[in-house]
Every structure is written in structure tokens, then in C-alpha cells.
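Thanks for coming, everyone. Let me put the chain up on the screen and walk you through it.

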Amino acid sequence: MPTDDTSRSPISVLDLAPVPEGSTPGDALRNTLDLARHAERLGYRRYWLAEHHNMTGIASAATSVVIGHVAAGTSTIRVGAGGIMLPNHSPLVIAEQFGTLEALFPGRIDLGLGRAPGTDQMTLRALRRDPSVAEQFPQDVLELQALLGPVQPGQRVQAVPGAGTEVPLWILGSSLFGAQLAAAFGLPYAFASHFAPDALMRALQVYRENFTPSAQLDRPYAMVGVNVVAAETDAEARRLFTSAQQSFARLIRGTRGQLPPPIDDIESFWSPLEKAQAMNMLSCSFVGSAETVRRGLDSFLAETGADEIMVASAIHDHAARVRSYEILAEVHGALRAAA
């Protein structure tokens with residue numbers, strides 16, 4: 001699975017199923033399928049969706065349902081969760097859901113697992129979950145892995161479908177905890193540097209230095225999240241990027257909402273402190289023309305040694321979002337050719 005030359009690292013899509021201002025969750029989910037079909041045609045490796053709750057700007061709360069929608073509308077691209085917030089669920093239910101997806105779309109389903117709730121504390125209570133269950137995350141991962149594995153003699157509880165499917169598991173994280181867990185369990189690791197980049201390099205080091213081979217994976221495999229907004233010109237891309245910048249500023253203010261349209265002057269929107277905080281969170285972002293994105297991504301790959309890049313693109317206009325991924329595919333092709 002790993003590559004010896006990071007310039008050949010595959011690229012994948014992380015779709016938060018954004019709901020732009022002026023549209024509906026139904027519109028967002030239709031856009032998700034359309035983007036997935038483009039991503040498949042453009043050669044992206046996988047298409048992941050993420051579990052969030054009580055967020056009016058994200059339409060992928062029922063993550064396994066949306067994965068089924070995308071997998072049914074495509075034919076070759078891998079589809080999965082980036083991720084399922086396991087403390088919100090029993091391992092048996094997730095084994096059944098993803099076992100069902102694997103039965104319907106064999107060889108195309110990924111299951112990324114996160115420890116965070118994917119929501120606020122009030123919504124966590126509405127999910128009927130005890131916040132302390134996050135402490136059981138390592139045990140829940142092992143239980144889920146066993147439920148997806150071969151049925152053992154005397155095993156009285158089985159996931160049907162699920163047992164024997166061995167859906168590939170990934171550990172997601174933005175801290176050293178996930179890196180240590182992925183290394184100990186011998187699982188691929190995806191770091192959420194597209195919004196929490198601070199511990200990226202240390203987490204990759206911890207993961208690689210402590211990796212223990214497993215039945216699923218014989219050597220470390222690290223995926224790294226980035227934001228990419230590509231357009232015909234740097235100026236156009238920077239304007240499109242103001243939608244993400246506004247969203248992160250609103251997150252800091254505690255006023256989350258739907259994805260706002262781009263604006264001409266982002267400096268008039270946020271305070272210097274909000275700008276510093278938001279741009280730190282967005283520091284793993286590549287915004288500009290094809291050449292600008294190529295230079296930035298090439299340098300980032302060299303720095304991180306990432307085996308794969310997972311790309312999020314919060315762009316208000318769907319056509320511009322599709323075009324951004326088209327440009328990125330061209331950039332990736334150029335990097336591979338140069339290698």
C-alpha cells in the first residue's frame with residue numbers, strides 16, 4: 001500500500017457535504033453524488049464522508065446512509081467514512097452497517113474511526129451517549145474489528161451482515177493519541193491537518209516509529225488532510241477561499257451556520273485575533289492557480305512524506321468546487337509525470 005515516492009501519493013476526497021447558504025441538505029447530498037462521480041472519472045482514490053451532528057452547514061450526519069448513496073451512484077472509487085465517531089455508537093451497530101455496505105459494494109468500503117463526538121455536549125446528550133464512553137475507544141475498535149473478522153468458535157453475537165467482511169479500518173486523529181493507537185493496532189492513520197494541524201509532524205513521527213505490523217497492514221500508511229481551493233487564477237481562488245475563512249471565523253465566534261458565499265474583502269469580516277486563529281487552523285491549505293497549488297502541494301508532500309492526501313474543499317458554488325477538484329487532478333498528474 002505505501003509508496004516509495006511521495007510524488008506518486010494518491011489523492012482522495014473528503015466531502016463534508018456542505019450546505020451552502022440559499023440551499024437545502026437535499027441539494028447538498030445531490031451535489032455530493034455529482035462530485036463523487038467527477039472524482040471517480042478524474043482518478044481520485046477514495047471518497048470519504050464525515051459524521052457531524054446538529055450542524056446546519058453539514059448534511060452527512062447519517063454517514064453510512066450517504067456512503068450507500070454515493071457507492072450506489074458510482075462504480076469503482078472507494079467510498080467510506082472519514083469518519084464514524086465510534087463513541088456515538090455501539091460497535092455491533094457499526095459492524096452491521098458497514099458489513100451491509102460491504103455486502104452491497106464489495107471491495108469498495110473504508111471505515112475510518114474517530115474518538116471525538118463530532119458535535120457539542122448538548123447534542124451528545126441528545127444522542128443518548130455518555131461522554132465517558134470515549135475512554136473505551138481502543139476497546140471499541142478491537143470489538144468492532146473482531147465483529148468484522150471471521151466468526152470464532154463459540155461466538156454467540158455476530159454482525160449479520162458484517163462477520164468475515166474484514167472492512168478495512170482506519171484510525172483518525174489530530175493528536176498523538178490516535179497516532180499511538182494506530183501504530184499499536186497496525187492500522188492506517190489519517191491525520192486531520194485540514195483543520196487541526198498543530199501536532200501533524202510529531203504525530204506522523206510517533207506513528208511511524210511505533211508501528212507494529214498487523215494482518216491488515218505490514219508497514220505504516222499515513223494519510224494527511226489538506227484544504228485545496230484551485231481556480232484559473234490566484235485571485236479567483238483566494239476569493240473562493242473566503243467562504244472557508246468565514247466559516248472558521250464563525251466557528252471561533254460560536255455562530256456556525258451554512259457555508260457562506262465568498263466576499264471581496266475578508267479583512268473587513270474578521271478581527272486580527274480571529275484571523276490568526278482561523279488561519280492557524282487552515283495552515284495546511286493550498287489556494288491558487290494550478291501552478292501555485294502544484295508548488296505548495298509538492299513542498300507539503302516532501303515535508304510530510306504522506307502516503308496519501310485527503311482533500312477537503314469548502315467552496316460555495318458547486319461548479320467552482322468541481323472545477324477545483326479538476327484542476328487538482330491535473331496538478332496531481334503533473335506531479336506524477338515529473339516523478
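Over which residues does pLDDT stay under 50? Residues 1-7. Keep in mind that this is a predicted model. For that stretch the model has 19 contacts beyond four places in sequence. Where pLDDT is low, the predicted coordinates should not be read in detail. The chain as a whole has a mean pLDDT of 94. Of its residues, 97% reach 70 or more.

On to the aromatics. There are 7 aromatic pairs in the structure. Take W48 and W170. Their ring centres are 5.1 Å apart and their planes stand at 85°, so this pair is edge-to-face. Where do the two sit? W48 belongs to strand β2, residues 46-49, and W170 to strand β5, residues 169-173. The pair therefore ties together parts that lie 122 residues apart in sequence. Are they buried or exposed? W48 has 2% relative accessibility, so W48 counts as buried. W170 is buried too, with a relative accessible area of 2%.

Next pair: Y189 and F191. This one is also edge-to-face, 6.3 Å centre to centre with 70° between the planes. Both Y189 and F191 are buried. They do not stand alone, either. Ring pairs link Y189 and F191 with Y207 and F211 in a cluster.

Rings also meet charges here. R115 lies over the face of F177, 3.8 Å from the ring centre. R253 has its charged end over the ring of F269, and the distance to that centre is 4.5 Å.

Now the helices. Start with α5, residues 137-148. It has 12 residues. From first C-alpha to last, α5 reaches 16 Å, close to the 16 Å expected at 1.5 Å a residue. Which residues of α5 are buried? F137, P138, D140, V141, L144, L147 and L148. Look at the spacing in that list. An α-helix has 3.6 residues a turn, so residues three or four places apart point the same way. What covers the buried residues of α5? The cover includes helix α3 (91-104), strand β4 (109-114), strand β5 and helix α6 (176-185). We met β5 already, as the strand that holds W170.

Let me zoom in on the α3 side. A95 lies in helix α3. Its relative accessible area is 0%, so A95 is buried. Which residues does A95 touch, not counting those up to four places away in sequence? L144, L147, L148, A159, P161 and G162. L144, L147 and L148 are among the buried residues of α5. For a backbone distance, take A95 and E143, which are 48 residues apart along the chain. Their C-alpha atoms are separated by 9.4 Å.

The other helix to show is α11, residues 318-338. This one has 21 residues. It reaches 30 Å from first C-alpha to last, close to the 30 Å expected at 1.5 Å a residue. What caps the N-terminal end of α11? D317 does. A side-chain oxygen of D317 lies 3.3 Å from the backbone nitrogen of A319.

Last stop, a loop. H53 lies between β2 and α2 (63-72). With a relative accessible area of 13%, H53 is buried. Which side chain makes a polar contact with the side chain of H53? That of E51, at 2.6 Å.

That is the tour. Questions, please.

Technical notes
Residues numbered from 1 in each chain as written. Predicted model: local features only at pLDDT ≥ 70, side-chain atom pairs only at ≥ 80, totals over all residues. Heavy atoms only, no water. pLDDT = per-residue confidence, 0-100. Contact = heavy atoms within 4.5 Å. Phe/Tyr/Trp six-rings, centres within 6.5 Å; stacked < 30°, edge-to-face > 60°. Helix = DSSP H or I, 4+ residues; strand = E, 2+ residues; numbered from the N terminus. Buried < 20%, exposed > 50% of the residue type's maximum accessible area, 1.4 Å probe, protein only. Lys NZ or Arg CZ within 6 Å of the ring centre and 35° of its normal. Expected span 1.5 Å × (residues − 1). Polar contact = N/O pair within 3.5 Å; in protein donor to acceptor, adjacent residues only side chain to side chain.
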